[in-house]
Amino acid sequence: MLVTAVALGVAALAFSRRNLARKAAPVIPSYTSTRSRQSKTFEEAVLLGLANDGGLFCPTSVPCIDFAKLEKLSYSEVAGEIFKLYVPEASIPHQALQGLVDKTYLTNPLFRTRKVTPTIRLEQTNVSLMELFHGPTFAFKDIALQFLGNLFEFLLAKKQPAMKITVVGATSGDTGSSAIHGLAGKTGINCVILFPKGRVSPVQELQMTTVADENVFCCPVRDGTFDDCQDMVKLCFKDEKFRAKYNLAAVNSINWARILAQITYYFVSYFEVRQRTSKPVVFVVPTGNFGDILAGYYAKRMGLPIHKLVVATNENDILDRFFQNGAYERREVTPTITPSMDICVSSNFERFLYHMLGDDAEQTRALMSEFEQTKRFQLPAPAFAKCKREMESSMVTEAEIRAQMKRTLEQDAYLLDPHTAVGVAAAKKLQAKYPSEDVEYVCLATAHWAKFADAVEGAVGPKVTTEWVANHFPQEFEKIKQLPTRSFELEPTVASVQAFIQDKIPATATTA
Ligand SMILES: *Cc1c(COP(=O)(O)O)cnc(C)c1O
């Protein structure tokens, strides 16, 4: 009796202390590197992109949210509630933050649906599809990059004196066009995007070169490969004087603001699925650089009851091999019909690793350094066990991708893009592997089929493709064929891109 009373007393004391502590010191969101202890503000993490030790910025603590509170809200309101937990008032007053979010998701005419990311159901295929391709370039990267443009513009204008940056990037197609559509016309930002001339699809090229805004410079690189373009960008960044003179910045997939923006649609989709079924929800994510699925991991840690997260890879399967035995090992890239998932290392994976190691920057740094030197590391067993509890993986072959596109078209009269088909095929494999599990598979549809018409033709045949192009081809793709184009050809050398920037863009770092 006495023991119980004492125990209760102690518990009550501990409880009130904890509450006091919570009231006395509200957690102010801050950011650290995966490779060393640092303390950075939200805006530093976003504007720097990469930490000076080569690591990636992560939140020092992941906030929890009462998810039921969000259920009835619009996309824009859900995004606002989530972003506020990661962005301190000192970086952006929360009313202004909601303004940026509304400008991106509520009143932005570039999204073609009010829901932004509707989740539909394919009854015969027996999966749900979270459609992420209703933005300006018809691929999911738009959802984060539309926000990033507004966010950067705000943060730069706030500086005294106002700051200007030059975003320089290389693209094999998707990222570049999303970045251009996100940054076009934004004050304080110039945007230079390099791509290998003649090696991106005609639609992708037009999506870049028909943007008329003066702050956008599309540069096809003569006789260049994507790797040449990437090397040119890397050398620009390595040139410290040049980098400082033009305030070079990157918007690649490791930028924290992109991950943050992607957390929203897991919540929104979960609520939409809940209206149809009470089954546990599994998200299946076609994965390349691990950005999209990482956002799902944060959503789960924030309290969204996600039953399971599935990493779906193509034959460039470094992640699938990792989830089998805990060895992360680099191999050469094989080109596939899912080019946006053709990676040999997965850049955001380092963030997941860091969290699975209990936010231990020293250990993460040691493993990444081993990886850089030997192209391989083996994760210690306890951390690997943790990874397996958080996620499962599945690899899908080229033949399986094509077969899934064909089958879903026959069964549901719905044409999947090849990347999305990787997710759907992975879901079908898991349904076969766990026949007694009664869960709802929600596959992330990362692109619109019309962006990858060649791959579609390879899967469903020229006759069906012609029919679909005649009846379902997005008008936007026809319209851009009529627009004037604007581009600036470069030689595949760093000197040519530096001379171009010098010619077109006034030195910005010192500009008042
Ligand atoms: C970028 C991309 C992916 C891969 O997403 P990650 O966040 O890099 O894992 C998948 N599909 C499409 C269409 C993409 O553009």
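**Exercise 1. Which residues lie nearest the centre of the second largest pocket, and which helix gives the largest share of its lining?**

Before you start: this is a predicted model, where local features need pLDDT of at least 70 and side-chain atom pairs count only at pLDDT 80 or more, while totals for chains, interfaces and linings use all residues. Residues are numbered from 1 along each chain as its sequence is written, and side-chain values use heavy atoms, with hydrogens and water left out.

*Solution.*
Step 1: Get the term straight. On a 1 Å grid over the protein atoms alone, a pocket is an open set of points with protein on both sides within 12 Å along at least five of seven lines, and its lining residues have an atom within 4 Å of a point.
Step 2: Look at the centre. Leu73, Ser74, Tyr75, Lys115 and Val268 lie nearest to it, out of 15 lining residues.
Step 3: Check the helices (DSSP runs of H or I, at least four residues, numbered from the N terminus). Helix 3 (75-84) and helix 10 (256-274) each supply at least two lining residues, and helix 10 gives the largest share, three residues.

**Exercise 2. Find the oxygen contacts of the ligand with Gly288, Phe290 and Ser340.**

*Solution.*
Step 1: Recall that a polar contact is a pair of N or O atoms within 3.5 Å.
Step 2: Try the backbone. A backbone N or O atom of Gly288 sits 2.8 Å from a ligand oxygen, and for Phe290 that distance is 3.0 Å.
Step 3: Try a side chain. An N or O atom in the side chain of Ser340 is 3.5 Å from an oxygen of the ligand.

Note on methods
A polar contact is a pair of N or O atoms within 3.5 Å; within protein, one must be able to donate a hydrogen and the other to accept it, and residues adjacent in sequence count only if both atoms are side-chain atoms. On a 1 Å grid over the protein atoms alone, a cavity is a set of points where a 1.4 Å probe fits but cannot get out, and a pocket is an open set with protein on both sides within 12 Å along at least five of seven lines; lining residues have an atom within 4 Å of a point.
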